[in-house]
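Please read the following report with the sequence and the model at hand, since it moves between single residues and the spaces that they help to line.

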Amino acid sequence: MRRLSAVWAVLVAATLGSWLLGGGHGAAVVAIAFWKVRLVGLYFMELRTAPVPLRVVFEGWVVVTGGTLIALSLA
Amino acid sequence: MTIFAVFFGTYVWARGQDPELFRASQEHLTQSRAVINTLLLLTSSLCVAAVVQAVRRGATEKARPLLVAALVGGAAFWVVKVVEYSELFGDHLSPATNDFFMYYFILTWLHLLHLLVGMAVLAFLWSLVGRAELTPRQVSYVEAGGCYWHMVDVIWIVLFPLLYLVR
């Protein structure tokens with residue numbers, strides 16, 4: 001529970017940080033969002049201790065979707 | 001998740017086609033409200049993750065209050081969204097107004113529907129964890145239901161910056 005709360009605190013900080021960073025830094029804000037998604041997946045969804053194939057699918061989704069959106073944001 | 005990923009990509013591409021329109025339209029949205037919504041879902045996800053841990057170590061009595069807290073978070077998210085929609089409709093903005101609002105309303109509405117399903121799942125889990133001991137299958141239902149809730153959170157974590165922050 002302590003670890004979960006620590007992850008939650010980081011997620012909250014990242015959320016507020018993105019808001020402060022604001023609109024001009026689109027790619028950075030999207031990158032932060034996908035890093036938050038990873039935290040939810042690894043800690044809340046417990047993928048850190050899950051079978052590797054599950055983790056690979058998840059990380060793959062994060063990289064492909066996040067990467068595409070960041071590239072599109074920069075274009 | 002793949003479908004949502006395609007929706008996200010389509011939105012960002014469409015924004016690239018007409019950034020000025022999107023930027024001007026985004027002025028109608030209130031970022032602070034979306035921040036509140038993000039914090040609501042993050043907190044309810046924390047509660048759900050704690051439910052799974054509690055159930056797994058046999059502390060099922062802790063599960064129900066946490067599930068109620070998560071459900072309250074989901075309901076609060078809905079309330080904030082309804083307020084937001086009402087304001088936009090009041091300003092005569094709708095999915096038909098322009099491309100930005102089409103994406104905004106469709107994406108957030110789809111997310112809201114998934115959130116509603118998630119709340120039904122949490123309610124089902126609430127009924128499940130009333131007993132002192134759960135079978136391994138029931139524990140796996142709690143884990144799966146919890147994961148569904150986290151996915152709803154994840155969708156919003158991406159939607160929030162795309163719709164509200166990126167200008």
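In this predicted model, Glu46(A) is partly exposed, because its relative accessible area of 24% falls between the limits of 20% for buried and 50% for exposed. Glu46(A) sits in the loop that runs between α2 (26–44) and α3 of chain A, and its phi is near 60 degrees, a positive value in a residue other than glycine. Most residues other than glycine have a negative phi.

A second residue with a positive phi is found in chain B, where His92(B), likewise not a glycine, has a phi near 60 degrees. His92(B) is placed in the loop between α4 (63–90) and α5 of chain B. With a relative accessibility of 72%, His92(B) counts as exposed, because this value is over 50%.

Glu46(A) also belongs to the lining of the largest pocket, which leads to the open spaces of the model. Rolling a probe the size of a water molecule over the atoms shows where empty space is left. The two pockets are set side by side below.

| Pocket | Volume | Nonpolar lining residues | Polar lining residues | Charged lining residues |
|---|---|---|---|---|
| Largest pocket | about 290 Å³ | 10 residues | no residues | 1 residue |
| Second largest pocket | about 170 Å³ | 9 residues | 2 residues | no residues |

Both chains contribute to the lining of the largest pocket: from chain A come Met45(A), Glu46(A), Leu47(A), Ala50(A), Leu54(A), Val57(A), Phe58(A) and Trp61(A), and from chain B come Met1(B), Cys147(B) and Met151(B). The elements that give two or more residues to this lining are α3 (52–74) of chain A and α6 (136–165) of chain B, and the largest share, 4 residues, comes from α3(A). The 1 charged residue of the lining is Glu46(A), because Glu is counted as charged and Glu46(A) is among the lining residues.

The second largest pocket is lined by residues of chain B, namely Met1(B), Ile3(B), Phe4(B), Phe7(B), Leu110(B), His111(B), His114(B), Tyr148(B), Met151(B), Val152(B) and Ile155(B). Here the elements that give two or more residues are α1 (2–17), α5 (99–128) and α6 of chain B, and α6(B) gives the most, with 4 residues. Met1(B) and Met151(B) appear in the linings of both the largest and the second largest pocket.

Definitions and conventions: Residues are numbered from 1 along each chain as its sequence is written. Chains are lettered from A and ligands numbered from 1 in the order in which they are written. This is a predicted model: local features need pLDDT of at least 70, side-chain atom pairs count only at pLDDT 80 or more; totals for chains, interfaces and linings use all residues. Side-chain values use heavy atoms; hydrogens and water are left out. On a 1 Å grid over the protein atoms alone, a cavity is a set of points where a 1.4 Å probe fits but cannot get out, and a pocket is an open set with protein on both sides within 12 Å along at least five of seven lines; lining residues have an atom within 4 Å of a point. Grid points are joined across faces, edges and corners, and a volume is the space filled by probe spheres set on the points. Buried means under 20% relative accessible area, exposed over 50%, partly exposed in between (1.4 Å probe, protein chains only).
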